[in-house]
Every structure is written in structure tokens, then in C-alpha cells.
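Reader: I'd like to walk through this model with you, starting at the ligand and then moving to the helices. Can you take my questions one at a time?

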Amino acid sequence: MALLEARKLNKNFGGLKVTADVDFALEPGELHCLIGPNGAGKSTFFRLILGEYTPTSGSIFYDGEDITALEPHDRIRRGISVKFQVPGIFSLLSVSQNLEIALQRHYHGESLQSEIDRALRFLNLSSEATQLAGNLSHGQKQWLEIGMAVSLKPKLLLLDEPTAGMSPEETRATGEMVQALKDGGMTVLVVEHDMAFVRQVATRVTVLHFGRIFMQGSIDEVIADERVAEIYLGQGHGPHHEASVPDQPPARKTQDIAHG
Ligand code: ADP
Ligand code: MG
């Protein structure tokens, strides 16, 4: 049985169909990438799963239960956790304190401290433990946020463009983190533009276009599909982005221009 299933999901904003007849299933333990041009409706789909938006029609099932009418906090309690594009860390607290806030739900006393240390190692942030979170580099902030989302011990983790603005090395390290979470049994759905990342982690890829599922397949099938290349034309990134990686300056990736 699927861990997450969207059935004929629709979301309209005024006359605009932002999510259109989406049928989507995520198997337990799957690491799945959601891609598509800017404005395709990827973040909206995440907000529907989380309950921040109410669908115009259709339903969402999670762990065998219809959660369409549940509030976000009830979905989070059932094990859905998300890292959005907008930072959600406490800038004026240290890196350790941020993790402590997230981890104290599940741990206390000595085990809390050992879990904080374990999270710091996992996130490559051990040397930054006492630094203010606001002083971290862009990539390190993303890792801290992933750490905070993971601290809730979710069954389903949603990551919205976790590697935006990261260097290729940071992107690779993020791929290893996500892979390790999957190996630990977590089900992960990632919105990503970086094709090197998608190739590194994804077992299955879904392409969203104008709110619809455009195609589903392996990364090789997606990259080989000319129609997929066409919907990315003029976007400056997309499935053929990795072919141009050697020409990019190494510090930051091109999609930052589009995604800020
Ligand atoms: P993506 O994450 O794939 O770039 P989004 O889901 O953010 O796309 O947005 C898809 C479309 O929905 C865009 O045209 C966007 O302007 C529109 N949209 C998203 N949220 C709202 C909203 N709250 N009100 C009106 N339009 C919205
Ligand atoms: Mg988005």
C-alpha cells in the first residue's frame, strides 16, 4: 500500500488551475524526485500534502487514512515533515539550540545531548555547534533546516529545492544525507532542479507541467524524453542542465538566478 496517495487532486486559484487531476502514489521507503519548470505547481502540491492549502477537489491519503480534511498540525503529528524554500531556523540561537528545540519533542537529558551531537555530525555541522544559526553559510543553513525537519522523526519527508544556491560539493553532500535518510527507512519526496542531484538519489522521477503530471519514469527516461526538454526551453535549467555544469562557475549554480 502506498504511504501517500493523491487522487484526482485539483487546486484552482481564481481561474488558474495550479494542480490539475494529479494522481500520485509514493511507496513506503521510496526516494522520489519531483521536477518541472518554474510555476509548474510543485510547491503548491507540497502545500496540499501538508494541508496548508485545501484542494478544490480530490483527496489525499496517507498511511491508509483520508487526510484531506486534516489540519497541518494533525498531519505533522502523523509523521509528515517538510522543509520549504523559505528558511525556518532561529537565527539568533546557536546551531545546537536550534536542534535542541526540534529534538526535545522526542529526547530528554543525556539522550537529548547525544542526539544533538549525532545530528550535528550527520549534518556536517559539528564545528559550527556554538555558532549563531544566522551566521551559517547558505548551504549550512539548508542542512540545519533538513536536520530540524528530520528531528521530528517523520515517516514522510518533503524537501522543496534543498540544494538551491549550493555549490556542487554541498549539493553532493546533501544527496548523501538524503540517501542516508532513505537507507534509514524514511520516505522522501524532493523537489529539485539539479539533475546531478536527481541522478544521485532518485529511484523514480515525476515531471509536473502546468499542474499536471507530464511523465513519470527513471531519471534516464526523463532526460531522454524530448518533450521534457521542450517544456524547459528558455528556463535556463532543467534535465539537460547537468550537461552544462562544467561551464558553470563552481561557486553557485545557475538556477539561483531563477529561484533566488
Ligand atoms: P513551482 O513551485 O513549481 O515553481 P508553485 O506551486 O509555487 O510552482 O506555483 C504554481 C502556480 O500557482 C504559479 O503560477 C503561482 O503563481 C500560482 N500560485 C501559487 N500559490 C498561489 C496563491 N496562494 N495564490 C495565487 N496563485 C498562486
Ligand atoms: Mg516552488
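Reader: Which residue puts a polar side-chain atom 3.2 Å from a nitrogen atom of ligand 1?

Author: First, some ground rules: this is a predicted model, where local features need pLDDT of at least 70, side-chain atom pairs count only at pLDDT 80 or more, and totals for chains, interfaces and linings use all residues. Residues are numbered from 1 along each chain as its sequence is written, chains are lettered from A and ligands numbered from 1 in the order in which they are written, and side-chain values use heavy atoms, with hydrogens and water left out. A polar contact here is a pair of N or O atoms within 3.5 Å. The one you're after, at 3.2 Å from a ligand 1 nitrogen, comes from the side chain of tyrosine 53.

Reader: How much of ligand 1 does the protein bury?

Author: Accessible areas come from the Shrake-Rupley method with a 1.4 Å probe. Taken alone, ligand 1 exposes 560 Å². Of that, the protein buries 62%.

Reader: What lies 2.7 Å from an oxygen atom of ligand 1?

Author: Glycine 41 has a backbone N or O atom 2.9 Å from a ligand 1 oxygen. For the 2.7 Å pair, look instead to an N or O atom in the side chain of lysine 42.

Reader: Which element gives the largest share of the shell around ligand 1?

Author: The shell takes in residues with a heavy atom within 4 Å of the ligand, including Phe13, Lys42 and Tyr53. Helices (H or I, at least four residues) and strands (E, at least two) are DSSP runs, numbered from the N terminus. β2 (16-26) and α1 (42-50) each supply at least two shell residues. The largest share, 3 residues, comes from α1.

Reader: Is α3 parallel or oblique to α4?

Author: Axes are lines fitted to C-alpha atoms, for helices over the stretch in contact, and angles run from 0 to 180 degrees between N-to-C directions. The axes of α3 (residues 95-103) and α4 (residues 109-122) come within 10 Å and cross at roughly 120°. Angles under 35 degrees count as roughly parallel, over 145 as roughly antiparallel, 65 to 115 as roughly perpendicular and the rest as oblique. That makes α3, relative to α4, oblique.

Notes:
Polar contact = N/O pair within 3.5 Å; in protein donor to acceptor, adjacent residues only side chain to side chain.
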